[in-house]
Amino acid sequence: VQLAESGGGLVQAGGSLRLSCAASGFTLSSYAMAWFRQAPGKERGLVAAITGSGLIKTYTDSVKGRFTISRDNGKNTVYLQMNSLKFEDTAVYYCARLEKWESNTVEPGYWGQGTQVTVSS
């Protein structure tokens, strides 16, 4: 299993970025996927998750209405479109394959290396 994030960078507050997660070594459509983030001095937390079919999505409250998770199973890629970025969105963003997703609990099994997103105020 390999997950490779890309698309991070430096952006001004109010701007947009689109993160991509290229998956390989497994059948992407068989797994729910998620984006997590970790800011300096803070724990890694869930940003958004999407089922294998793409029909069900969930978001942490702080990004609702601004971020959109999506997937293209044919291209083996998961995306995170981030709009109206805020300074507090600054973090390393990680793509993860979920081994379990029950109610509000997710269990990541594999991680990418992460991509840095920096939002200047």
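Me: Where is S84 found?
Reply: This is a predicted model: local features need pLDDT of at least 70, side-chain atom pairs count only at pLDDT 80 or more, and totals for chains, interfaces and linings use all residues. Numbering starts from 1 along each chain as its sequence is written, and side-chain values use heavy atoms, leaving out hydrogens and water. Strands are DSSP runs (E, at least two residues; helices are H or I, at least four), numbered from the N terminus. S84 sits in the loop between β8 and β9 (91–102).

Me: Is S84 buried, partly exposed or exposed?
Reply: Buried means under 20% relative accessible area, exposed over 50%, and partly exposed in between (1.4 Å probe, protein chains only). The relative accessible area of S84 is 41%, so S84 is partly exposed.

Me: What is phi of S84 near?
Reply: S84 is a residue other than glycine, yet its phi is positive. The value is near 50 degrees.

Me: Which loop holds S103, and what is its phi near?
Reply: S103 also has a positive phi in a residue other than glycine. At 69% relative accessibility, S103 counts as exposed. Its loop runs between β9 and β10 (105–111), and its phi is near 55 degrees.

Me: Is D89 buried or exposed?
Reply: D89 lies in the loop between β8 and β9. Its relative accessible area is 1%, so D89 is buried.

Me: Which backbone nitrogen does the D89 side chain reach?
Reply: Polar contacts pair N or O atoms within 3.5 Å; within protein, one must be able to donate a hydrogen and the other to accept it, and residues adjacent in sequence count only if both atoms are side-chain atoms. D89 also touches R37, R66, F67, S84, V117 and V119, leaving aside residues up to four places away in sequence (contact: heavy atoms within 4.5 Å). Its side chain makes the polar contact at 2.8 Å, with the backbone nitrogen of K86.

Me: Which backbone oxygens does the R71 side chain reach?
Reply: R71 lies in strand β7 (residues 67–72). At 14% relative accessibility, R71 counts as buried. Its side chain makes one polar contact at 3.0 Å, to the backbone oxygen of Y31. Another, at 2.9 Å, goes to the backbone oxygen of T51.

Me: How far apart in space are R71 and V106?
Reply: In sequence, R71 and V106 are 35 residues apart. In space, C-alpha to C-alpha, the separation is 18 Å.

Me: Which backbone oxygen does the T77 side chain reach?
Reply: T77 is in strand β8 (residues 77–82). With 11% relative accessibility, T77 counts as buried. Not counting residues up to four places away in sequence, T77 touches several residues, among them S20, L28 and R71. Its side-chain polar contact, at 2.8 Å, is with the backbone oxygen of K75.

Me: How many helices and strands does the protein have?
Reply: Along the sequence the pattern reads β-β-β-β-β-β-β-β-β-β-β. The count is 0 helices and 11 strands.

Me: What radius of gyration does the protein have?
Reply: The C-alpha trace spans about 40 × 25 × 25 Å along its principal axes. The globule rule is 2.2 Å times the number of residues to the power 0.38, and the radius is taken over C-alpha atoms. With 121 residues, a compact globule would come near 14 Å; the protein agrees, at 13 Å.

Me: What share of the residues is buried?
Reply: Among contacts with a separation of 6 or more, 55% join residues 24 or more positions apart. Of the 121 residues, the buried share is 42%.
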